[in-house]
Amino acid sequence: MEYTREIYWNVGHGIGTLLPMYLLLLVALGLLVFGYWQRVKVYRLGKVLKRTDALPGRIVAALTQALSQAKVMRVAGAGTAHGLFFWGFFLLFIGTCLIVLQADFTDPLFGIQFLRGRFYLLFSLVLDLAGAVAIVMLLGLLVRRYLLRPDGLETRREDALIHALLLVILITGFVIEGARMAVTELGTDLAPWSPVGLLFAKALSGLGEAGLRALHSSLWWLHLLLALAFIALLPWTKLRHIFNVSANYLLADRGPKGNLTTLDLEAEGVESFGAAKLADLTWKDVFDSDACTLCMRCQDRCPAYATQKPLSPMKVINQLQEIAFGTPDAVLAETIGKDALWSCTTCRACQEICPAAIEHVPKFVDMRRNLVLMEGEFPGEEVMTAVNDTEVNGNPLGMAFAARGDWAEGLGVKTLAEDPEVDLLYFVGCYASFDQRNIKIAKSFIRLCQAAGLKVGILGKQEKCCGEPVRKLGNEYLYQTLAQENIELIQSYAVKRIVTSCPHCFHTLSKDYVDLGLSLPVEHYTVFLDRLLAAGDLQLGSETFSCTYHDSCYLGRYNDIYDAPRRLLAAAGGNIAEMDKSRSDSFCCGAGGGRILAEEKLGTRISESRAGMAAATGAPLLVSNCPFCLTMFEDGVKGAGFEDSLQPKDIAEILAERLPTRVGTGPDATVGQPNCKEVSA
């Protein structure tokens, strides 16, 4: 026999079936288009933003992300279930399209039938299994939402409607198939290729042919109406994420990762900066708010939310959606809450994990910009003092700018003003210049460079804060002032390369400064030293020690640098006990977003929570790569009561301790053992 089946069996393929079917389809599509047009009008309340450049690449990326479900399935459990459900439902949709294509177009118009033979057998098997997987995954998601009820998961009336609609569509599809198979395929070689349908066929076979035909016909029309209702409801329910999330993949920011928009502070006619109302955000920001599925992933990973701060990234995005479609003239900061906005550490954990590709951090910073630039508000008096100190002395610590290079005395390091012929410029940063604990990092880095035979220069008292903390707090004006002064200074010398020991300086100089004219290569010291070590230009001793390593947000999530620091630790003899939250899932130290300048008055301290995670590994060393992190951990370890069992340390310090020591001077000097101060395994 020819393996195939009669399409439109029992309901007929005449005008009495096709006319109402296609008329209803047009109605459903009309409601779909009308619904989305109503939403597009709301999206357009936001400012213009171009996100259609390099369109072919965007399309490929969007299709890859949407079809692979890679972002969705990064989280096991619910993410895996959703991904499998998507593939099952998508395959059923493709199968339905192929059936319609053959029955209503290629066969009647050209006599072409492709659903036959071995291809039809595979087609039947794949669709049956896809439908079964979709049902099982949907039931699993239903149990999670209504029985397990994870903390913080918001459940609304429409969630029940969507679950019921999808479940009935899937089950009626199998009942329809079972009724058809009970009449036409039971006992044939074709039946086993629809294993789930065969189970339904056997269960329904006792109804007799007349009963089966009546059941099939009535459910066929019901199934059709439910499927069309699904289409019509897309823009009106959370189901719109099917389109919105896919579109968000297409519209993703393709600029340098973590970049913020550089404001034109001298633009004519601009009376306000930052986002005070919805119209001050971009249309993409409004669209983002409508793409949110309330999946809680951003909230689950937010260090502020985890430490009882009044910030939930999910809630903020949802509030923006409610403002957009309800009260577009509302004052954003008042509606969302200023404490919530100031609590953000800009760690990017929310943005990195979001399966809908929502861009959280720029929205928070834009709202902060308005508070700072237009209202003169800061999260505390101590922050205002630090900002004023930065403006006057070029650093937020209140130290005299003339003392910025004092840490380098006796190290044989000159400023570029004294000697501009150097292999690299070390942009020290504020904390490594003035903070006694972090000065050890700067000195260690110099020792490592000198051991590699490199001549290092610094800017000394001419260097100013890179501006990153004040920028993330919203003070774009002060940031640009500092940045332009630094850039002009650097460009006045013949600098070949810049290396920083601060991930915040690294990110700012390598990405943000580009918008203002700096085009030099900039590296974080871990990448720089890793390359020296690999090339054999840097020699280290090695003695086994145990540690845990903290991936700082601005080196990890912002710049995807995870392996170089670990290779350095391994070369020094380190055995790393990874924390539960590491690499791209790392937990913030609490200093980002300018919070290094602010007192942590709400909830528990983020640094203490992170110290607890480090202590849980049992390792005696907590290793960081960032002055901000080290500062926070010094306090966090003490505050959490781990000072006797956990010591914070920077990678540069550990490497410098393993440099071979020289005995004597001159060409006859000999190399001794590394000067290691070990914390043994």
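R595 has these contacts, leaving aside its neighbours within four places in sequence: W342, C344, T345, P379, G590 and E600. I should say at once that this is a predicted model. R595 sits in the loop between strand 7 and helix 25. Which side chain of opposite charge is nearest to R595? That is E600, 5.9 Å away. A salt bridge here needs the nitrogen within 4 Å of the carboxyl oxygen, so a gap of 5.9 Å does not qualify. R595 is therefore buried without a salt bridge, going by the cut-offs for burial and for pairing.

Next, another arginine, R348. This residue is in the loop between helix 14, residues 338-343, and helix 15, residues 349-353. Is R348 buried or exposed? Its relative accessibility is 13%, so R348 counts as buried. Setting aside residues up to four places away in sequence, R348 touches K257, G258, V361, R557 and Y558.

Now to the charged pairs. Side chains of opposite charge can pair when their charged atoms come close. How many salt bridges does the structure hold? There are 40. I will go through three of them.

The first on my list joins D159 and R145, with N to O at 3.4 Å. D159 belongs to helix 5, residues 157-184, and R145 to helix 4, residues 117-148; the pair links distant parts of the chain, 14 residues apart. Both D159 and R145 are buried.

The next pair is K284 and D288, where the closest N and O atoms are 2.7 Å apart. Why are K284 and D288 separated by about one helical turn? Because they are four residues apart in helix 9, which covers residues 283-291. K284 has a relative accessible area of 0%, so it is buried. D288 also counts as buried, at 0% relative accessibility. This pair is part of something wider: R51, K284, D285, D288, E359 and K363 are linked in a network of salt bridges. On the structure, you can find that network by starting at K284 and D288.

The last pair is R583 and D563, whose side chains meet in a salt bridge of 3.0 Å, N to O. R583 is in the loop between strand 7, residues 574-576, and helix 25, residues 606-615, while D563 is in helix 24, residues 563-571, so this pair ties together parts that are 20 residues apart in sequence. Are these two buried or partly exposed? R583 has 32% relative accessibility and so counts as partly exposed. D563, at 39%, counts as partly exposed too. Recall that in the D159 and R145 pair, both residues are buried.

On to the nonpolar residues, starting inside. The largest nonpolar core has 133 residues. Which of its members touch the most other members? They are W407, Y426, F445, L448, I498 and L529. Take Y426 as the example. Not counting residues up to four places away in sequence, Y426 touches a list of residues that includes W407, F445, I446, V456, I458 and V499. The contacts of Y426 also include E463, T500 and S501. Apart from this core lies another one, of 29 residues, among them A28, L115, Y120 and A232.

There are nonpolar residues on the outside as well. L55, I59, L63, L67, F90, F93 and I94 make a nonpolar surface patch of about 590 Å². Where does the patch come from? Helix 2, residues 55-68, and helix 3, residues 78-110, each supply at least two of its residues. Helix 2 gives the largest share, four residues. One member, L67, is found in helix 2 and counts as partly exposed, because its relative accessibility is 40%.

Last, the backbone. Most residues other than glycine have a negative phi, and most peptide bonds are trans. Two residues here are worth pointing to on that account. Q69 is not a glycine, yet its phi is positive, about 60°. Q69 lies in the loop between helix 2 and helix 3. With a relative accessible area of 6%, Q69 is buried. L294 likewise has a positive phi, near 60°, and is a residue other than glycine. L294 is placed in the loop between helix 9 and helix 10, residues 297-301. At 4% relative accessibility, L294 counts as buried.

How values were computed: Residues numbered from 1 in each chain as written. Predicted model: local features only at pLDDT ≥ 70, side-chain atom pairs only at ≥ 80, totals over all residues. Heavy atoms only, no water. Patch = residues over 30% accessible without salt bridge, like charges linked within 9 Å, V, L, I, M, F, W, Y side chains within 5 Å. Areas by Shrake-Rupley, 256 points an atom, 1.4 Å probe, with all protein chains shown as cover. Buried < 20%, exposed > 50% of the residue type's maximum accessible area, 1.4 Å probe, protein only. Contact = heavy atoms within 4.5 Å. Lys, Arg positive; Asp, Glu negative; His and termini not counted. Core = buried A, V, L, I, M, F, W, Y, C linked by side-chain atoms within 4.5 Å.
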